[in-house]
Amino acid sequence: MRIETTTLNDGVEIPVYGFGTFQIPADGSTCKAVREAINLGIYHIDTAAAYFNEQEVGKAVRESGVPRENIFLTSKLWLQDYGYEAATKGIDISLCKLGVDYIDLYLIHQPYGDVPGAWKAMEEAKKAGKIRSIGVSNMTPKIWNDFVPQFETTPSVNQVEFNPYYQQKELRSMMAKDGVQLEAWGPLGQGNKKMLADPVIAKIAEKHHKSIGQIILRFEIQEGAIIFPKSVNPDRIKSNMEIFDFTLTDEEMAQMRDLDTGKGAHDPDAPGVAEFLLGAFDVHAND
C-alpha cells in the first residue's frame, strides 16, 4: 500500500500519514517500534529533541534498509535552545543524534522565548542543506500573530493538537491563506475515552466495518491534516494505517465536523505554560 503525499508551500513533498514517537522510551522500544512502522511501509517518522529518543529513531532508520531519501524524518527544537546561537548548536546536535546528513522537517517545538532568533538559525540551516523544510508547533492564532510576522519566511507546517473534538477552525482558516499545512498531534485524542466511544463515530464505523479509531484518522486525513498516530503494538500500528481503502461521505464528514467542542487538552495561551515547559527537563542532560 502506497501512502498518499501532499506538497508543502516550499515545494517539499511529505507523506500525509506517519508514525509518532512521543513518550516511547529510549530503552530499545523506540527503535523496535520505528522499525516495525517502516517495515509496514510508514516512511514518515516524527521525533523531537524533547522526546529523548532521536538516537533510536536514527538507528532504526539506518538499519531499515530503506534508502535515506525515501524516509521523511521530522524533529523539533526544544525551547531551551532558542535564540540564534543556541538553535544553531541544537540543530547540529539533532543531526548528530539522528546520525543523518539532513532532516526533512524541523520544527519550533514550543513557541515561547526567542523564537525569532531560533527561526533565523533554522532558515540558515535550510539554506545550508541541513534541513529541507521548517515549521512551528503549538502556535495558536494569537501566538502566530506575535511571531510569524517577524519571520523572513513563512512556516511550512504548524503541528498542533487536532482531532474531531478539537478541530482548530480559526487557526486552520488563518493558516490556509499562506498555504501552511496542519499536522495533528494527538490525532486519537490521546486516549480520550469519550471520543473513542462517541455514538456518532461508532455508527459511522459500523457502516464502514472499521474501528472508531480508523474513522477518526480517516476524517482527519480527509480534512487535510497530516497525522502520525503512535503505538508500540505491532497489530495497532498496522490497523491504524488501514484507512486508505475507504472514504467518508460528505454527510459523514459533516456529522464528524459537528462534534467539534472548540476546546483541547492543551492551551498554549494559558499563563505560566512557557515557564513550566522551560523548567520541565534538560534536553542536554545526557549529552
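Lys238 lies in helix 9. In this predicted model, Lys238 is partly exposed, because its relative accessible area of 41% falls between the limits of 20% for buried and 50% for exposed residues. Although Lys238 and Leu40 are 198 residues apart in sequence, their C-alpha atoms are 7.0 Å apart in space.

A contrasting case is offered by His208, a residue of helix 7. His208 counts as buried because its relative accessibility is 18%, and the limit for that class is under 20%. Leaving aside residues up to four places away in sequence, His208 touches Ile215, Phe246, Thr247, Leu248 and Glu252. The separation from Lys126 may be set beside this: the two residues are 82 places apart along the chain, and their C-alpha atoms are separated by 43 Å.

One of the contacts of His208, Glu252, leads to helix 10, which comprises residues 250-257. Within helix 10, the residues Glu252, Met253 and Met256 are buried. These buried residues line one face of the helix, because they fall within an arc of 100 degrees when helix 10 is seen down its axis. An α-helix has 3.6 residues a turn, so residues three or four places apart point the same way. On the other side of helix 10, Asp250 and Glu251 are exposed. The partners against which the buried residues of helix 10 pack are helix 7 (199-208) and helix 8 (212-222).

Helix 6 can be read in a similar manner. In this helix, formed by residues 169-176, Leu171, Met174 and Met175 are buried. The three lie on the same side of helix 6, because they cover an arc of only 95 degrees around the axis. The buried residues of helix 6 pack against helix 5, strand 8 and strand 9.

Attention now turns to the aromatic residues. The structure holds five aromatic pairs. One of them joins Tyr17 and Phe244 in an edge-to-face arrangement, with 6.1 Å from centre to centre and 75 degrees between the planes. Tyr17 belongs to the loop between strand 2 (13-15) and strand 3 (19-20), while Phe244 belongs to the loop between helix 9 (234-240) and helix 10, so the pair ties together parts that are 227 residues apart in sequence. Both Tyr17 and Phe244 are buried.

Trp119 and Phe151 form an aromatic pair that is stacked, with centres 4.5 Å apart and planes at 10 degrees to each other. Trp119 is part of helix 4 (residues 115-127), and Phe151 is part of the loop between helix 5 (141-147) and strand 8 (157-161), so this pair ties together parts that are 32 residues apart in sequence. Trp119 counts as buried because its relative accessibility is 1%. Phe151 is also buried, with a relative accessible area of 9%. Elsewhere, Phe52, Trp78 and Phe281 form one aromatic cluster.

The remaining topic is the space that the protein leaves open or encloses. The largest pocket has a volume of about 1,000 Å³. Its lining consists of 39 residues, among which Phe22, Gln23, Trp185, Gly186 and Gln190 lie nearest the centre of the pocket. Strand 9 (181-185), helix 8, helix 9 and helix 11 (273-278) are the elements that give two or more residues to this lining. By residue class, the lining of the largest pocket divides into 17 nonpolar, 18 polar and four charged residues.

How many cavities of 30 Å³ or more does a search of the whole structure find? The search finds one. The largest cavity holds about 60 Å³ of space. Its lining is made up of Ala49, Glu54, Asp81, Gly90, Ile93, Ser94, Lys97, Tyr106, Val283 and His284. Helix 3 (residues 84-98) gives the most to this lining, with four residues. The lining of the largest cavity divides into four nonpolar, three polar and three charged residues.

Technical notes: Residues numbered from 1 in each chain as written. Predicted model: local features only at pLDDT ≥ 70, side-chain atom pairs only at ≥ 80, totals over all residues. Heavy atoms only, no water. Buried < 20%, exposed > 50% of the residue type's maximum accessible area, 1.4 Å probe, protein only. Arc of directions from axis to C-beta. Contact = heavy atoms within 4.5 Å. 1 Å grid on protein atoms, 1.4 Å probe; cavity = no way out; pocket = protein on both sides within 12 Å on 5 of 7 lines; lining within 4 Å. Points joined across faces, edges and corners; volume = space filled by probe spheres on them. Nonpolar A, V, L, I, M, F, W, Y, C, P; charged D, E, K, R; others polar. Phe/Tyr/Trp six-rings, centres within 6.5 Å; stacked < 30°, edge-to-face > 60°.
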